[in-house]
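Q: I'd like a close look at how the aromatic rings sit in this one, with enough of the surrounding helices to see what they rest on. Take me through it in one go, please.

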Amino acid sequence: MQRVRAAGRRFGATAVRTAVLALVHSGVWISLGAASVAVATMLLAGFPLDPVPAFVAFAATTLVYGLDRVLDREADAQNLPGRASFAREHGRALLIAGVALYLVAARIALAWGPPGLAAMTLPPAVVALYSGVGVKRLFLVKNLLVGAAWGLLPLGVGAYFGAIRSTGVVALAGFFAAMLTIAAAIFDVKDIEGDRARGVRTLPAEYGPRTTRRLAACATVGVAASVAAAVAASALPPGFLALLPYCAYVVCYSLVATPERGPLFYGFVVDGEHTALALLLFALELLG
């Protein structure tokens, strides 16, 4: 009986791991993260919860990461063999689904007027710069591009509600741009060997994972201090203090990031920061 139970536990653990890896490799998990940023923006900026901005964020991110997986297949074969294998088997279907979702989202966004049109032309442009033109080979440019792209998500939510210049929206755009720039640097820790072999200059490849971890943690503490100071000065409402646990989450994974950690750490834990924030905000909303 004990053997049967042990076998059952192993089977259950394997099934969970397989399901989580499928979420990570397919890009669904990171797309849920983008939708979570939209949800967090609505909750923190005082907008009513609406599924449309979250869907548009999910669809746009699905297309971006689907294209990236196709265009970066060669690099992934060395740095992320599991993801590359998944892309070879399911990449075409995922890309078709991403394009279909994107077209639906674009049709919705066009009703927002010029801001919506601009929002939907940016994802393909980001992919073209990142994987097509190859700006990721330029030192720190890749990190800044990733951060800027994610910083656009709160602005898209603001455009939907006609309040793109509101203090909360602008603050969240800056916050997520900064935090995703930091996360992109941590993500590069796992790719040190492959990046060095291909001549891609990243912070970990140039200065090592230890320095990268310290810089990421210090930068995150600086962002958290800025949020706390803005709330203390009444420049932001008290609800923005919910961003501090998010910063603590980032500090924790930054300090333990090593090249040996696999996709469950980088693809699920690191990329789970946005979903964790949305869940925290939902809990606070229910308790409040």
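**Rings and the helices around them**

A: Among the contacts in the protein with a separation of 6 or more, 70% are between residues 24 or more positions apart. Keep in mind that this is a predicted model. The protein has 14 helices and zero strands, so reading along the sequence just gives you α fourteen times over, α-α-α-α-α-α-α-α-α-α-α-α-α-α. Of its 288 residues, 47% are buried. The exposed surface comes to about 13,900 Å², and carbon and sulfur atoms supply 68% of that.

Now the rings. A pair of aromatic rings is described by the distance of the centres and the angle of the planes. Searching the whole structure turns up nine aromatic pairs. One of them is Trp 29 with Phe 268, a stacked pair at 4.5 Å centre to centre with 20 degrees between the planes. Trp 29 belongs to helix 2 (residues 28–45) and Phe 268 to helix 13 (residues 263–269), so this pair ties together parts that sit 239 residues apart in sequence. The two partners differ in cover: Trp 29 counts as buried at 13% relative accessibility, while Phe 268 is partly exposed, with a relative accessible area of 28%.

Then there's Phe 175 with Phe 176: the ring centres are 5.3 Å apart and the planes stand at 80 degrees, so the pair is edge-to-face, given that over 60 degrees gets that label. Both Phe 175 and Phe 176 are buried. Elsewhere, Phe 47, Tyr 160 and Phe 161 make up one aromatic cluster.

Two rings also have a charge over them. Lys 190 lies over the face of Tyr 266, 5.8 Å from the ring centre. With Phe 265, the charged end of Arg 261 sits over the ring, 5.1 Å from its centre.

Back to helix 2, the home of Trp 29. Ser 36 has its place in this helix as well, and Ser 36 is buried at a relative accessible area of 9%. What does Ser 36 touch, once residues up to four places away in sequence are left out? The list is His 274, Thr 275 and Ala 278. For Ser 36 and His 274, the C-alpha atoms are separated by 5.7 Å despite a gap of 238 residues along the chain. Thr 41 also lies in helix 2, and its relative accessible area is 0%, so Thr 41 counts as buried. Beyond its neighbours within four places in sequence, Thr 41 is in contact with Gly 46, Phe 47, Pro 154, Val 157 and Leu 172. Phe 47 in that list brings us back to the aromatic cluster, where it joins Tyr 160 and Phe 161.

Helix 12 is the next piece, and it packs against both helices of the stacked pair: its buried residues pack against helix 2 and helix 13, as well as helix 8 (167–187), helix 11 (209–232) and helix 14 (273–287). Those buried residues are Leu 243, Tyr 246, Cys 247, Val 250, Val 251, Tyr 253 and Ser 254. It helps to remember that an α-helix has 3.6 residues a turn, so residues three or four places apart point the same way. For its length, helix 12 (residues 243–255) has 13 residues that should span 18 Å at 1.5 Å a residue, and its end C-alpha atoms are 19 Å apart, which agrees.

Helix 11 is one of the partners of helix 12. With 24 residues, helix 11 reaches 34 Å from first C-alpha to last, close to the 34 Å expected at 1.5 Å a residue. Buried in helix 11 are Thr 212, Arg 213, Ala 216, Ala 217, Thr 220, Val 223, Ala 224, Val 227, Ala 230 and Val 231. They pack against helix 8, helix 10 (203–207) and helix 12.

One backbone detail before you go: helix 11 is followed by Ser 234, which lies in the loop between helix 11 and helix 12. Ser 234 isn't a glycine, yet its phi is positive, at about 65 degrees. Buried or exposed? Ser 234 is exposed, with a relative accessible area of 64%.

Notes: Residues numbered from 1 in each chain as written. Predicted model: local features only at pLDDT ≥ 70, side-chain atom pairs only at ≥ 80, totals over all residues. Heavy atoms only, no water. Phe/Tyr/Trp six-rings, centres within 6.5 Å; stacked < 30°, edge-to-face > 60°. Helix = DSSP H or I, 4+ residues; strand = E, 2+ residues; numbered from the N terminus. Buried < 20%, exposed > 50% of the residue type's maximum accessible area, 1.4 Å probe, protein only. Lys NZ or Arg CZ within 6 Å of the ring centre and 35° of its normal. Contact = heavy atoms within 4.5 Å. Areas by Shrake-Rupley, 256 points an atom, 1.4 Å probe, with all protein chains shown as cover. Expected span 1.5 Å × (residues − 1).
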